[in-house]
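Q: Please take a close look at the interior of this model with me. I would like to begin with the cysteines and then move on to the packing around them.

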Amino acid sequence: MEGTVFTPALEGIKLVKSEQGEILTQPFLDACKHILPVIDKFGAAMALVKSDIGGNVSRLESKYSSNPTKFNYLYSLVQVEVETKTAKSSSSCTNGLLWLTRAMDFLVALFQNLIEHADWSMSQACTDSYNKTLKKWHGWLASSSFTVAMKLAPDRKKFMEVIQGTGDIRADIQKFCTDFSPIFEENHKFLARCGLDDMKAS
């Protein structure tokens, strides 16, 4: 593989904003989709995260496809639901964007841990990032499923070997965290302005 497993995502993130600095729907969803092969390398430990990200991307994509011109900008998917008072529904695009962003926050925190804490085991890195990001939004059921899944985390050294390909994996991980974080931060700020950033799971 040319470069690392992060290369397609790092290329994709460059296309996410319009010249006016607005987040474009399809390029944003494509960049998130490029992270799925990275999650695959975790195996069973990340099956929940993968299906969560994949499912939310599909939900947003299907709404976008219904009217690509109207939904060219990511936040237009939310604005239309705010106007029709459907944003808080569990099947809304707003809910999809919120959970997609939270799952990506978890991954950014996890990879940041792998860079900053060379002595941590993979499950330690996973648990810490889960506690920092998703845990407060999860109910008991989601939380216990997650805790069980983290026990299946792969060996850290083997994992790093698998994802590095022919590139500089440490540099790419750092770039992933640096380039993706501000986009997710922007999503949270927008959702908070709409009063929609604190929805919880059962």
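A: Let's begin with the rule: a disulfide is counted when two cysteine sulfur atoms lie within 2.5 Å of each other. By this rule, the structure has zero disulfides. This is a predicted model, in which local features need pLDDT of at least 70 and side-chain atom pairs count only at pLDDT 80 or more, while totals for chains, interfaces and linings use all residues. Residues are numbered from 1 along each chain as its sequence is written, and side-chain values use heavy atoms, leaving out hydrogens and water.

Why does Cys32 make no bond? Its closest cysteine sulfur, in Cys93, is 14 Å away, which is too far. Cys93 has its own closest cysteine sulfur in Cys194, also 14 Å away and too far for a bond. Cys32 is buried, with a relative accessible area of 1% (buried means under 20%, exposed over 50% and partly exposed in between, using a 1.4 Å probe and protein chains only). Cys93 is buried too, at 4%.

Now for the packing. The largest nonpolar core (buried Ala, Val, Leu, Ile, Met, Phe, Trp, Tyr and Cys joined through side-chain atoms within 4.5 Å) has 68 residues, and Phe6, Phe28, Ile53, Phe106, Phe111 and Phe180 touch the most other members. Helix α6, residues 93-116, gives the largest share of this core, with 14 residues (helices are DSSP runs of H or I, at least four residues long, numbered from the N terminus). Phe106 is in contact (heavy atoms within 4.5 Å) with residues including Met46, Val49, Cys126, Ser129, Tyr130 and Phe146, leaving aside those up to four places away in sequence.

Helix α7, residues 122-132, has Met122, Ala125, Cys126, Ser129 and Tyr130 buried. Seen down its axis, these buried residues fall within an arc of 130 degrees (taken from the directions from the axis to the C-beta atoms), so they line one face of α7. They pack against α6, α8 (140-150) and α9 (156-164).

Finally, the rings. There are twelve aromatic pairs (Phe, Tyr or Trp rings, the six-membered one for Trp, with centres within 6.5 Å; stacked under 30 degrees, edge-to-face over 60, tilted otherwise). In one of them, Phe6 and Phe176 have ring centres 5.2 Å apart and planes at 35 degrees, so this pair is tilted. The pair links distant parts of the chain, 170 residues apart: Phe6 sits in the segment before α1 (7-13), and Phe176 in α10 (residues 169-193). Phe6 is buried at 0%, and Phe176 is buried at 0%. Both belong to one aromatic cluster, whose members include Phe28, Phe111 and Phe180.

How values were computed:
Helices (H or I, at least four residues) and strands (E, at least two) are DSSP runs, numbered from the N terminus.
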